[in-house]
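Me: I am new to this structure and would like a close look at a single part of it. Please take one helix, go through it with care, and then turn to the backbone features that deserve attention.

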Amino acid sequence: MKTVSLMGIFMFAILGIAKLSPEEAPSRMQKELDIAARVGSAMVDGDLCQKIVTQRARELMFARDPGDRFLAGDNYDVDDVAFNTVKKTLIRLSHLSSFPADVNLWMPIEGHPGRIQLVIRNKNEMSQFWNWGELYGDMVPEMETVLKTGQRVTVTDKPGWISVLAPVYNSLGDVVGLIETVSQVKMDAHENVK
Amino acid sequence: MRRLQTRFVLLFLIAIYSRVLLARDLQALPEFLRSDPFGAIVAPDRSGADLASSLYGAKHQVVLTGCRGGYVSFHLVVKLPSPSTYTLDVTIPDPTNKVQIDLFREWFHFTDSDKRYYPDALIPVHATYISRLPEPDNRITKQTAQAFWVDVYVASDTRLGIFSGTAKLKANSKITTLPIQLTVLACVIPGEDVVTIDHNSYGSSWLAQQFAGSYRRDPDQWFESNQFFELIHAYHRVFYEHRGIFHQLGYGHSGKVGPEFAPVLEGSGRAKHITSWSLYDRHYGPLLDGTAFSASRRVPRPIPFVYLPINPEWPASYEFWGERGYEAEFVNVVSEMERHFREKGWTHTNFEVFFNHKKRYKGFPWDGDEVRFPKDLKYFLEYDRLLKKALPPNTPVHFVFRADVSWDMEEQFKVLNGIVRLWCCGGGILSFYRHAPKMLCDRGDVVWYYGGPPGVTDSSSAITEFPLRAWLWGVNGYVHWLTVSPGEDPWFHFDGGQTALIYSGERFGVSEPIPSIRLKIQRNCLQDLALLDSLKRRKSLDSLRARAARSYNNSTLDDWWNSRPALADLPSDQWLGSAIDDATKHTHQALEHPGASAWYNVHQYAMSLQAEAK
C-alpha cells in the first residue's frame, strides 16, 4: 500500500504541469515541494543522519582559539559513507519536483539548543536559511516547530523562495533532524557559483 | 658681443632657475613613492623617501632608463595650492611609435581602517589631460595634489639611444615644463616570465555587480550577451598585459556550474551527453586560440591554464557516485570534451581538473581543496582512474590534475605522485619543505604557491614579495587567491584591497576593468625577474638569487625558508592551526614589512648587471 502511494506521488510529480504561469507557479511549486518533503520524511534514515558529523567535528564546532580562527572549520569532518548514502536519497527526492529543486538536511546540535547546522547541501546550492559559509546558525522558529511537533511547515519569507521543512525520524521514532525541500520561482544561474 | 653673451647666459640661468622653481608644481616620483591628495608621500612608503629625487638628473630633468620589450614607470604629481583648472601633457615623441606613453590618473581611495587616502586604481586618460583641482569626482575638498601614473612602453625593436620628451603643466597662466630623458638600453626583457603570477576569481556574478550599468540595460540576457563575454576577455587581457594570468572558477562548493563555464548536458547514465557548446565556445574560444589577445603589445597566444567545470557533481551526478552510472557519465562526457578541444586545436592550454570544494561547505564528504584528512585522498585516486579511462593515452590536449594543498601536502606529494601534476601549495607550510620544489619540478610537475595581495596600506613594494619568493624558492608560480573583489565601495570607503588588484572602469566611462598601482608594480617586478633570470648563463642562479634577496631586504636565501618543525612528523589531522603560525615565525620576522625601496634596490641590481653585460 505504501509503495502504491509513493508511486502515485511520484507519478503526480512527474506528470505535473511542467510550465507554470507566473501566477500559479508558487502554489504549484509549493505543492510539489510539499510532496517531496512528505516522501522525504518517510525515506530519509534518521539513524544514518546522526552518524554523519563526526564526534571531533561536533566537539570543536563551538571551540574558540584567538590564535586559530579557523579551528572549527578546519576540524569539520564527516563519515563519508553515511553522508553519501543520505545525500543520494536527498538527490532522488529532488527529482520529485518538475522544476529544479534541492533537498537539504539540517540537524540540531546536541547541547546547543537554539542552534542548528546544515549537514548536506545539493547541486543547485539553494537554501532559504543557510548563510553562506557558516558551520551552524540560529534555529528559525519554523525549524523548531518541525523538530518539536513533527509537522511539515512551509516557509516563503524570502521573496521568490519556497521551502518546505519536514521531520526526519530515527528508529526510535524521535525527530532527529529535518529536510528542507527548496526552490526559487526565478532561479539565479550565477548565484553561489563561487 | 661679450656683453651680449653674458646677458644671454644670465637670461638662460634665470630661465633654468625659474623652471626649477616652477617644477615644484609638477613633481616626478619613482614608482615606489605614492603621493596622497595633499602632496605628501603616503605613510607606508616614507621609508623610501630618500628615493624622492632619484629620478632627477643634474639638469632637473626626469631621467629614465629601461630595457626594450617592457615598461618604465613613474608618478607625476600635479600640485596646486589653491583650486584651479590645469592641463597636463606628457610626451616622448618617437616618429617610429616604438616608444609610447600610457597616462593614468590615480584615484585616491579613502580607507575606512585608518581614515587616510591611498592612490591605487588607475584611470586611463589621454596624454593631454584637462581637469581641475580638487578633482571633482574624487570629492576631496582640500585636495591640492593629483598624481598620475606614467607607463612608458618601449617596444622590443626600439632603436637604442636617448629619447627626449616633456611633461608640461599649464595652470594659473603658468607653464611648467619638466624635461624627460629616456635612455633605451640594448637589453630586451624576455617575453616569457620565470614565474607565473595567477589572479584568481570565482564565478561571474560579481561582473554584474561591478558593471551594474551595463547589466541593468538588459538583465535577462546580459550573461549571454557579447558585452558579457567581451568583458571576461578584457579581464584576461588586462592581466596578460601585466604579465599575469587570470582564472575564473566556474562552479560552487556543492557543484553548481555557471552556464558559461561548461557545455550543456542532457540525459542520464549511459545516455548522458553534451548537447551544446555554444556558451562555452563563446566564452573560451578566443581565449583558447589566443585571438582575445590579438591587440596586445605582447605576443598573442592562448591562455596557458584554465579551470574545467569538472567537480563531484559535474559531469556525473553525485547520485550515482561509486556506481557504474557515475563512471559512464564521467567518462562519456569527458571523452566528448577531449574530442571537442582536439578538433578545435586547443592544444596549448592546460585544462585543469581541480576540486575546490571543502566539506565544511556541506556539499560533499571530502575536501578537494586543502586536504587535511588523509582518508580523503581515495577520492583523488578514483578521479584519476576515471580520467585515465576518459582520455585517449596520446591525446594532444593537456588535461592536468591540479591540487591545492596545505596541511597534508607532504603526504600528497607521495600518494598522488604521477596523478597530480599541478600543485598549488600554501606558502606557509611549503616553507617547511625546502627540498619539495626541486623534487616536484624534477619529476615534471608544476608548482605554484598561494596567498593574497597586500593592501594599499602596505608599502608599495609589498606586492613584489610574492613573485620574488617564487623565484627564490624555485617554484613555477604564485596565485593571488582573489583579485577582482574591491568591496562594496572601493572609491570612498575602501576595505584596503586585499582581494583586488583591479577595478571596474564603469564609473569612468570605461567598459573594461582598469588596473591598479599594485598591479603595475608587480608587472615591473616580473620584468626585472625575467631579466635577472636571463643572466643565469653568466652568473649562477644561486648567486643571482642571493644578491637579489640581499638587495631586497638584506635577507639571505635561508631567511626565506623555515626549518622543518616537529609537527611535520605528525599526521596532518593532528596539527593545530596555531602551531603552524609558530612554525612559520622565522620567515614572518625575517621578511616582515619590506621597505618601499626594497624592489627599487633589486631593480638597480638588475640594471647594473645589464650595464656589465654591455
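Reply: The expected span of a helix is 1.5 Å times one less than its number of residues. In this predicted model, helix H6 of chain A covers residues 80-94, and because 15 residues at that rise should span 21 Å, the 21 Å between its end C-alpha atoms agrees with the expectation. Among the residues of H6(A) that are buried are A:Asp80, A:Ala82, A:Phe83, A:Val86, A:Lys87, A:Leu90 and A:Ser94. An α-helix has 3.6 residues a turn, so residues three or four places apart point the same way. The buried residues of H6(A) pack against two helices of chain A, H2 (25-43) and H3 (46-49), and against the strands E1 (102-108), E2 (115-120) and E6 (175-184) of that chain.

The segment after E6 of chain A holds A:Asn192, which has a positive phi of about 65° although it is not a glycine. Most residues other than glycine have a negative phi, and most peptide bonds are trans. A:Asn192 counts as buried because 22 other C-beta atoms lie within 10 Å, where 20 or more are required.

In chain B, B:His60 also has a positive phi, of about 60°, and is found in the loop between strand E1 (26-30) and strand E2 (62-68); with 16 C-beta neighbours inside 10 Å, B:His60 is partly exposed. The peptide bond from B:Leu133 to B:Pro134 is cis, with omega near -5°, and B:Pro134 sits in the loop between strands E7 (128-133) and E8 (145-154) of chain B. Another cis peptide bond joins B:Trp314 and B:Pro315, with omega about 5°.

Conventions. Residues numbered from 1 in each chain as written. Chains lettered and ligands numbered in written order. Predicted model: local features only at pLDDT ≥ 70, side-chain atom pairs only at ≥ 80, totals over all residues. Helix = DSSP H or I, 4+ residues; strand = E, 2+ residues; numbered from the N terminus. Buried ≥ 20, exposed ≤ 12 C-beta atoms within 10 Å, placed from the backbone. Contact = placed C-beta atoms within 7 Å.
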